[in-house]
Amino acid sequence: MGTIKEAPLIAGALLRWPTGPGSPVGVITAVYKQRVTVLLDGEEQSKLFASGAGVVERVVLSGMVKRQSTGDVGIVQGMTTKVPPRWQVFVHGRVITVAEADLRPHVLDDPRSRLANGRVGTARQFALAVTSRRYEIEQLMNDLVSLGQSRVALKPHQVSVVHRVVSDYPHRYLLCDEVGLGKTIEAGLVLKELRARGGATRCLVIVPPNLVRQWQFELRSKFNETFSILNSDTVRFLKTSQGFDGNPFEAFDSVIVSSGWIGSEPWSSLVAEVPWDMVIVDEAHHARVRMSGN
């Protein structure tokens with residue numbers, strides 16, 4: 001891909017504005033005697049340039065290009081017509097003719113390609129990128145980043161349990177504290193912490209039928225986490241009022257279900273089709289597999 005200022009400026013041609021920030025690219029929409037109007041990518045109004053001032057320059061396409069209309073990436077084979085400018089592009093195993101206005105140079109942005117094309121940043125840009133990444137990693141790996149976002153009076157053993165769970169991978173743990181020591185709080189803190197670290201977008205909570213509303217209230221009031229209760233009535237509402245005809249477990253990212261309801265078909269099969277990031281099972285000692293014979 002190269003550029004030449006001597007190429008004719010005609011309607012439908014691709015143009016670069018080298019003096020603009022980031023050298024924006026656009027398409028010539030009209031040509032007058034000594035002026036051209038250009039609609040730059042990402043802008044709604046055209047700009048007016050003097051064609052003979054050398055402010056803008058024609059983009060000569062070669063190598064890899066990308067279609068604006070479809071997003072397909074192809075390889076330029078050659079120009080078919082100059083007015084209006086059209087190009088032959090090899091895309092998906094065949095050669096097609098595409099208007100120049102629909103094409104943009106496609107530059108690979110991996111480190112090797114950037115070095116090969118001399119597209120390297122300054123020392124200051126590199127230092128800022130490294131500093132930003134260090135702060136990001138520190139935030140993700142800090143002891144606990146979500147303690148200040150919960151409305152609970154934490155006990156030392158709860159902080160220790162949550163830190164152990166979120167620091168180990170995979171996060172598969174049984175919380176087996178005695179009654180009254182706050183296993184629900186610990187589970188909520190683990191959920192909050194993993195979400196703060198970007199590791200638990202889709203969460204399923206399975207609880208006894210008589211505790212569904214209580215779990216929903218606890219998660220909302222103590223951790224500001226909104227969970228939807230999914231049951232037969234919810235599924236019926238999704239179908240009749242919302243027109244949702246897919247897997248009901250995909251309708252929400254945060255779901256609470258009763259252990260009695262989820263254990264029957266077809267719900268037990270449908271829930272297993274969803275790629276959950278986190279599953280919390282209350283009264284987990286009831287979640288046992290019973291087998292007989294061999």
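**Close-up views of a predicted model**

**View 1. Register of the parallel pair E12 and E14.** Cysteine 203 lies opposite serine 254 of strand E14. The coordinates shown here and in the other views come from a predicted model. Strand E12, residues 203–207, and strand E14, residues 254–258, are paired in the parallel sense through five bridges. Valine 207 has serine 258 in E14 as its bridge partner.

**View 2. The four-stranded parallel sheet.** The open sheet consists of four strands in the order E13-E14-E12-E15, with parallel pairing. Strand E13 (228–229) and strand E15 (278–281) occupy the edges; each has a single partner strand, so one side of each lacks a neighbour in the sheet. E13 is joined to E14 by two bridges, and the two strands run parallel. Isoleucine 229 finds its bridge partner in E14 at isoleucine 256.

**View 3. Burial of strand E14.** Five of the five residues of E14 are buried, so the strand is largely enclosed by the rest of the structure. Both of its faces are covered. Ser254, Ile256 and Ser258 are buried on one side, while Val255 and Val257 are buried on the other.

**View 4. Helices packed on the parallel sheet.** Strand E12 (residues 203–207) and strand E14 (residues 254–258), which pair in the parallel sense over five bridges, are shown with two helices of the model. Helix H4, residues 183–196, packs on the sheet and touches E12, E14 and E15. The direction of H4 makes about 175 degrees with that of E15. Helix H5, residues 212–223, also packs on the sheet, where H5 touches E12, E13, E14 and E15. The direction of H5 makes about 155 degrees with that of E14.

**View 5. Helix H4 and its surroundings.** For the 14 residues of H4, a rise of 1.5 Å a residue gives an expected span of 20 Å, and the end C-alpha atoms are 20 Å apart, which agrees. Of these 14 residues, 11 are buried, so H4 is largely enclosed by the rest of the structure. The buried set comprises Ile185, Glu186, Ala187, Gly188, Leu189, Val190, Leu191, Lys192, Glu193, Leu194 and Arg195. These buried residues pack against helix H3 (156–167), E12, H5, E14 and E15. Just after H4, glycine 198 adopts a positive phi of about 75 degrees.

**View 6. The crossing of H4 and H5.** The axes of H4 and H5 come within 11 Å and cross at roughly 60 degrees. That angle makes H4 oblique to H5. The crossing of the two helices is right-handed. On the H4 side, the contact involves Thr184, Ile185, Ala187, Gly188, Leu189, Leu191 and Lys192. These residues meet Trp215, Leu219, Lys222 and Phe223 in H5.

**View 7. The five-stranded antiparallel sheet.** Five strands form a further open sheet in the order E10-E9-E8-E7-E11, with antiparallel pairing. Strand E10 (94–99) and strand E11 (103–105) stand at the edges, each with a single partner strand, so one side of each is left without a neighbour in the sheet. Neighbouring strands of this sheet are turned against each other by 50 degrees on average, direction ignored. Strand E9, residues 86–91, is joined to E10 by six bridges, and the pair runs antiparallel. Within this pair, arginine 94 in E10 is the bridge partner of valine 91.

Technical notes:
Residues are numbered from 1 along each chain as its sequence is written. This is a predicted model: local features need pLDDT of at least 70, side-chain atom pairs count only at pLDDT 80 or more; totals for chains, interfaces and linings use all residues. Side-chain values use heavy atoms; hydrogens and water are left out. Two strands pair if DSSP finds at least two bridges between them. Contact means heavy atoms within 4.5 Å. Axes are lines fitted to C-alpha atoms, for helices over the stretch in contact, and angles run from 0 to 180 degrees between N-to-C directions. The expected span of a helix is 1.5 Å times one less than its number of residues. Buried means under 20% relative accessible area, exposed over 50%, partly exposed in between (1.4 Å probe, protein chains only). Angles under 35 degrees count as roughly parallel, over 145 as roughly antiparallel, 65 to 115 as roughly perpendicular and the rest as oblique. A crossing is left-handed if the near helix is turned anticlockwise from the far one by less than a right angle, and right-handed if clockwise.
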